Amino acid sequence: MDWFYRALRRSRQGRVNTTPIAPRASDLEDTSGFPKIVLTQEKFLMSQGLMLKKLILQYDISCLSTCQPYFNPIVVFKYNYNIPHAVNMDRGGFGHAKDGTNFGAVFDGVTAGGPVNAYAAQGFAEYSLRWLAAHKHRLQVSDKLALQQEAFNIFQHCISHRNNSELKHDAEGGAATGVIASCHRLPRGRLILAGASVGDASAIVINPDGLSHVVTKYVRAGSSAKDTGGQLTMCMGVHGDVNAFIEEIMENSIIVLTTDGFTDNIGKDHFGQVLDIIVRAPFFDSEKESVCSCSGPQEHAHLPSVEELKAVVGSLENLEDIGCKTIVLRISNYLKWVTKVLFDHEQQYYSLQIELQQLELEKRQADSANPNDDNCCHGKPLDSIQERIQEIEVECTAMRKIQKAQHAAAKTDDALVVAMRPVWH
């Protein structure tokens with residue numbers, strides 16, 4: 001934890017924060033009704049489905065999705081937190097500015113903690129979007145170091161309890177990774193994407209020519225899913241590096257802001273090529289079975305290569321003909337496709353753990369009531385459940401080894417995807 005306390009000390013030292021505070025939500029809109037903001041709902045902790053908002057024109061320009069059908073099984077939260085439902089800790093949204101450009105933000109509550117991290121991510125997302133709505137022009141700089149400092153200041157504002165006074169739930173101590181991004185047009189018409197990330201959240205540009213690339217992405221050390229690379233912690237500090245980016249984009253480019261629940265499920269060797277196939281393939285317009293029909297769980301573990309995907313998905317559409325809603329739907333169905341087998345194993349694993357706990361409790365109660373009775377409690381014998389749990393652990397470990405060999409921390413995880421065009425008119 002030494003890195004944590006060093007980062008905490010750094011966060012309390014250094015330069016004066018000259019970045020303006022974001023206005024309250026009630027003070028944002030002017031008489032024209034701008035800016036427009038779409039955001040995940042704070043109180044609703046489970047996945048919130050597909051949010052399509054054609055706010056300006058009858059044109060599919062922005063879409064938000066938290067609909068990862070196979071993220072952490074519900075029984076994970078029952079077993080670890082005694083919560084009867086899943087918690088999607090990924091929060092964020094997008095907005096349309098009066099100048100005709102778009103902006104967005106995505107935050108991912110980290111690892112353990114459950115609701116507190118979801119509330120923190122929600123607070124960071126709400127604040128960031130309010131700030132971008134009012135002050136996005138401050139990101140229109142050519143100096144990446146200046147942009148990095150501005151982003152660091154924004155993130156410092158994010159973690160302030162005073163700046164999150166509208167947050168209805170206590171998020172103090174909650175932590176999240178995140179990315180913010182804003183589009184703007186230069187005087188001569190060129191489009192620029194500017195923003196920053198902390199930790200393993202990603203900004204991805206998908207160009208019409210099919211050359212997709214990650215603008216900012218923390219590369220995990222050893223493909224460990226627990227290695228976030230940095231995070232914001234409510235009321236405490238900005239930990240890790242803030243990675244700023246300034247990227248020229250095209251009129252028909254699509255910007256994807258997303259969390260590691262998506263990026264960790266694509267092999268890193270051909271990330272752009274695989275993503276290009278996913279978003280252009282009508283194959284992913286509907287849910288599919290698991291990645292292959294081979295017998296044995298280990299055969300399902302590997303993430304599909306470019307060649308394997310091409311052989312399976314068939315024809316590809318032109319990016320210009322694809323809307324943002326379609327893109328987030330295809331990404332969601334891809335995630336379900338590649339994580340189904342691991343999800344099924346984890347679902348069974350935690351269900352058996354809960355059953356084992358219940359049987360052990362019943363056995364202790366029976367032993368207490370009848371100390372001379374050597375019979376096992378009714379139901380499945382404890383040893384058979386324990387054996388099956390161990391078998392599943394071995395199978396899951398084998399699957400993750402295969403994924404790690406592909407330089408990916410593939411996993412079942414909640415995911416949030418924001419897809420947006422640079423401009424709305």
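Hi everyone, let's begin at one small spot: just after helix α7, Gly314 takes a positive phi of about 80°. Please keep in mind that what you see is a predicted model.

Now step back into α7 itself, which covers residues 306-313. Which of its residues are buried? They are Val306, Leu309 and Val313. These three cover an arc of only 65° around the axis, so they sit on the same side of α7. As a general reminder, an α-helix has 3.6 residues a turn, so residues three or four places apart point the same way. On the face turned away from the buried side, α7 carries the exposed residues Glu307 and Ala311. And what covers the buried residues of α7? The cover includes α6, residues 271-280, and α8, residues 324-369.

Let's move to the nonpolar cores. The largest one has 34 residues. The members that touch the most others are Phe107, Phe124, Trp131, Leu139, Phe155, Ile180 and Leu232. Several elements give two or more residues to this core: strand β5 (102-109), helices α3 (115-135) and α4 (144-158), and strands β6 (175-185), β7 (191-198) and β12 (242-249). The largest share comes from α3, with ten residues.

Leu232 is a nice one to click on. Leaving out residues up to four places away in sequence, Leu232 touches, among others, Phe107, Phe124 and Phe155. Its partners also include Cys158, Ile159, Val198 and Val238.

Apart from that core lies another, of 32 residues. Among its members are Ile206, Val313, Cys324 and Trp337. You have met Val313 already, as one of the buried residues of α7.

A word on cysteines. Cys324 is buried, because its relative accessible area is 0% and the cut-off for buried is under 20%. Cys183 also counts as buried, at 0% relative accessibility. How many disulfides does the model have? The count comes to zero.

Finally, let's talk about confidence. The mean pLDDT of the chain is 76, and 70% of its residues reach 70 or more. Among the elements, β7 has the highest mean, 94, while strand β2, residues 50-52, has the lowest, 43. Over residues 48-61 pLDDT stays under 50, and the model has 49 contacts beyond four places in sequence for that stretch. Residues 292-299 are also below 50, with eleven contacts beyond near neighbours in sequence. Where pLDDT is low, the predicted coordinates should not be read in detail. Thanks for listening!

How values were computed. Residues numbered from 1 in each chain as written. Predicted model: local features only at pLDDT ≥ 70, side-chain atom pairs only at ≥ 80, totals over all residues. Heavy atoms only, no water. Core = buried A, V, L, I, M, F, W, Y, C linked by side-chain atoms within 4.5 Å. Buried < 20%, exposed > 50% of the residue type's maximum accessible area, 1.4 Å probe, protein only. Helix = DSSP H or I, 4+ residues; strand = E, 2+ residues; numbered from the N terminus. Contact = heavy atoms within 4.5 Å. Disulfide = S-S within 2.5 Å. Arc of directions from axis to C-beta. pLDDT = per-residue confidence, 0-100.
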